[in-house]
Amino acid sequence: MAQVSKTELTQNQGVSDDTPHLLSRREGTVLWLTLNRPNQRNPLSSSMIAALTGAITEAADDPQVRVIVLSALGPVFCAGHDLREMRAREGEDQAARAARVRDILNACARMMLSIVHSPKAVIASVQGTASAAGCQLVSACDMAIASEESGFCTPGVNIGTFCTTPLVGVGRSMHRKHAMELALTGDLMSAENAVRIGLVNKVVPSSMLVEQVSALASKIASKSARAIRDGKAVFYRQIDMPLEQAFEYATDAMVEQIMSAESEEGCRAFLEKRIPRWEDAGP
């Protein structure tokens, strides 16, 4: 994928249609993936979904990547699905259209799940509006930092539909009444309210967004990648279990982690007042 500088991450610039959908750059062990269709409001088109899925899957298998950051160029973080792909095509019957739309939605669901199931921590860096499936993209990430100018909505109801698939992720990031407020009104929610209801972790001035996200990513990247990989998987499995089952499952996982060489090194380093030397440390 093409490389992008830190300066470019905050610029509102357009790109031609023959440029990559996704830009990529590495800062040490942090991988920045940047949506690169600002003129089209960075929609989750089939091509964008494929690019994101491929990059996230590739990063999951790369030991040199410890944290993934999802960002975007332009005033919109992600406008959701490309409505041009959803509309009927000339000569297409209803069954063919339904099958084609289902394929797009299934591909999007696989991409969202690839973020949740990634062994790497994934952070959303939200510089603008996140709408519909774009809002879901934020909810799929483990953490999110947003600029003061950003906003969040699930506006399907405004065009005669309902954001049912975006609500799968959004509804698991906040109380169901807040999720339904977004879906039933279609209104744009401010970044401050998104923090209040749990969709994002923090709001910062736009001039500080990249700096704040970089600092958070670097902090997480300094931890044990193995502990994050295993712990993230356990968290997302147990969160929807009944309470008793969740405790049993998490206890088994905790015992396994405590008995690991990584935990032994971490405890030794703490007692010796030094920085841990993780087995899986990057360069």
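In what order do the six strands of the open sheet run, and is their pairing mixed? I took this up at the start, keeping in mind that I am reading a predicted model. The order I noted is S1-S2-S3-S5-S7-S10, and the pairing is mixed. At the edges I found strand S1 (22-27) and strand S10 (202-204), each of which pairs on one side only. I also looked up the twist of this sheet and noted that neighbouring strands are turned by 20° against each other on average, with direction ignored.

Entry on one pair within that sheet. I followed strand S3 (residues 67-72) to strand S5 (residues 121-126) and noted that they pair in the parallel sense over four bridges. To fix the register, I wrote down that Val67 stands opposite Ala121 in S5.

Entry on the other sheet. Here I noted an open sheet of four strands, ordered S4-S6-S8-S9, and again recorded the pairing as mixed. Its edge strands are strand S4 (76-78) and strand S9 (189-190), and each of these pairs on one side only. For strand S8 (residues 151-153) and S9 I recorded antiparallel pairing over two bridges, with Phe152 standing opposite Met189 in S9. I then checked what lies on this sheet: helix H4 (residues 133-140) packs on it, touching S4, strand S6 (129-131) and S8, and the direction of H4 makes about 100° with that of S6.

Entry on a helix pair. How do the axes of helix H1 (residues 46-60) and helix H3 (residues 94-116) cross? I noted that the two axes come within 9 Å and cross at roughly 30°. Because angles under 35 degrees count as roughly parallel, H1 is roughly parallel to H3. The handedness I looked up separately: H1 passes H3 in a left-handed crossing. On the H1 side I listed Ser46, Ile49, Leu52, Thr53 and Ile56 as making the contact, and on the H3 side Ile104, Ala107, Cys108, Met111, Ser114 and Ile115. Sorted by class, this contact has eight nonpolar, three polar and no charged residues.

Entry on confidence. I noted that the protein chain averages a pLDDT of 90 and that 93% of the residues score at least 70. Where does pLDDT stay under 50? I found this over residues 1-15, and I recorded alongside it that the model has 43 contacts for this stretch beyond four places in sequence.

Methods:
Residues numbered from 1 in each chain as written. Predicted model: local features only at pLDDT ≥ 70, side-chain atom pairs only at ≥ 80, totals over all residues. Heavy atoms only, no water. Pairing = 2+ DSSP bridges. Axes fitted to C-alpha atoms, helices over the stretch in contact; angles between N-to-C directions. Parallel < 35°, antiparallel > 145°, perpendicular 65-115°, else oblique. Left-handed = near helix turned anticlockwise from the far one by under 90°. Contact = heavy atoms within 4.5 Å. Nonpolar A, V, L, I, M, F, W, Y, C, P; charged D, E, K, R; others polar. pLDDT = per-residue confidence, 0-100.
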